[in-house]
Amino acid sequence: MATILVLHGPNLNLLGAREPDLYGNQNLDTINQGLMDICKKKDCGLLAFQSNSEHALIERIHTAKEEGTKYIIFNPAAFTHTSIALRDALLAIDIPFIEVHLSNIHAREEFRQSSYFSDIAKGVICGFGSLGYELALNVALVELGHQQ
Ligand code: DQA
């Protein structure tokens, strides 16, 4: 059973190749593997899922509830700024989550500066590239009692 679920939204499958000045050179597999390595050392299960489809992300969030997932780390990507449906899915399952963005969305275009998730997230980490996922994971591990 996975205790922690890392969810990646649209276009994040292109990390490494996509606008590297903004999003860095690491690809998604490398990021996920790094998170899994950290979790393994802490004896905590982690699953990662990426989709370009709002529908698939909603279904994955519903499944997280059935699986007994304890914590979600979520980069909703462009859905951050558009998706009431994903917000409602997270409200429905009531699993704590941290919103992560590689870039500092507050220092970018105006339409990126609002999020449908920030006010219902445990916290938000943005602007630190892939390190943001590790920071979020550390918080989740502390909150779940896996960190000394
Ligand atoms: C992003 C920021 C979003 O505005 C953008 O649509 C993304 C990535 C980030 O990680 O910085 O796809 O979520």
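# Chatting through a predicted model

Modeller: Let's start at the ligand: a polar side-chain atom of H81 lies 2.7 Å from one of the ligand's oxygen atoms. Keep in mind that this is a predicted model.

Colleague: Nice, thanks! Which residues are around the ligand?

Modeller: The residues around it are R18, Y23, N75, A77, A78, H81, H101, L102, S103, I105, R108 and R112.

Colleague: And how far is the side chain of R18 from an oxygen atom of the ligand?

Modeller: An N or O atom in the side chain of R18 is 2.9 Å from a ligand oxygen. With L102 it is the backbone that takes part: one of its backbone N or O atoms lies 2.8 Å from an oxygen atom of the ligand.

Colleague: I spotted H101 in that list of ligand neighbours. Which side of β4 is H101 on?

Modeller: H101 shares one side of β4 with F97 and E99, while I98 and V100 are on the other. Both faces of the strand are covered, and the residues on each of them are buried.

Colleague: Why is β4 described as largely enclosed?

Modeller: Strand β4 covers residues 97–101, and five of its five residues are buried, so the rest of the structure largely encloses it.

Colleague: Which strands does β4 pair with, starting with β3?

Modeller: Strand β3, residues 71–75, runs parallel to β4, and three bridges join the two. Within that pairing, I73 stands opposite I98 of β4. To get from β3 to β4 the chain goes through helix α4, residues 84–93, and this β-α-β crossover is right-handed.

Colleague: Okay, and how many bridges join β4 to β5?

Modeller: Four, and these two strands also run parallel, with β5 made up of residues 123–126. I98 turns up again here, since its bridge partner in β5 is G123.

Colleague: Changing topic: how many salt bridges does the structure hold?

Modeller: The structure holds five salt bridges. As background, side chains of opposite charge can pair when their charged atoms come close.

Colleague: What does R60 form a salt bridge with?

Modeller: Its partner is E67, and the closest N and O atoms of the pair are 3.1 Å apart.

Colleague: Are those two buried or partly exposed, beginning with R60?

Modeller: R60 is buried, with a relative accessible area of 12%. E67 has 28% relative accessibility, so it counts as partly exposed.

Colleague: What about R112, which residue does it meet in a salt bridge?

Modeller: The side chain of R112 meets that of E109, at 2.7 Å from N to O. Salt bridges with shared partners tie R108, E109 and R112 into one network. The R108 link to E109 has its closest N and O atoms 3.7 Å apart.

Colleague: How accessible is each member of that trio, say R108 to begin with?

Modeller: R108 has 17% relative accessibility, so it counts as buried. R112 is also at 17% and counts as buried. E109, at 34%, is partly exposed. You may remember R108 and R112 from the residues around the ligand.

Colleague: Right! How many disulfides does the structure hold?

Modeller: Zero. In general, a disulfide is a covalent bond between the sulfur atoms of two cysteines.

Colleague: Why is C39 not bonded to C44?

Modeller: The closest cysteine sulfur to that of C39 is the one in C44, but at 4.4 Å it is too far for a bond. A disulfide would need the two sulfur atoms within 2.5 Å.

Colleague: Is C39 buried or exposed?

Modeller: C39 is buried, with a relative accessible area of 1%. Another cysteine, C126, is buried too, with 15%.

Colleague: Last stop, two residues I clicked on. Where does L57 lie?

Modeller: L57 lies in helix α3, which spans residues 54–67. Its relative accessible area is 0%, so L57 is buried. From C-alpha to C-alpha, L57 and Q26 are 22 Å apart in space, with their positions 31 residues apart in sequence.

Colleague: And where is the place of G16?

Modeller: G16 sits in the loop between β1 (4–8) and α1 (20–23). It counts as partly exposed, at 24% relative accessibility. The C-alpha atoms of G16 and L35 are separated by 17 Å, and the two residues are 19 residues apart along the chain.

Notes
Residues are numbered from 1 along each chain as its sequence is written. This is a predicted model: local features need pLDDT of at least 70, side-chain atom pairs count only at pLDDT 80 or more; totals for chains, interfaces and linings use all residues. Side-chain values use heavy atoms; hydrogens and water are left out. Buried means under 20% relative accessible area, exposed over 50%, partly exposed in between (1.4 Å probe, protein chains only). Two strands pair if DSSP finds at least two bridges between them. A crossover is right-handed if, with the strands pointing away from the viewer, the path from the first strand over the helix to the second runs clockwise. A salt bridge is a side-chain nitrogen of Lys or Arg within 4 Å of a carboxyl oxygen of Asp or Glu. A residue is near a molecule or strand if one of its heavy atoms lies within 4 Å of it. A polar contact is a pair of N or O atoms within 3.5 Å; within protein, one must be able to donate a hydrogen and the other to accept it, and residues adjacent in sequence count only if both atoms are side-chain atoms.
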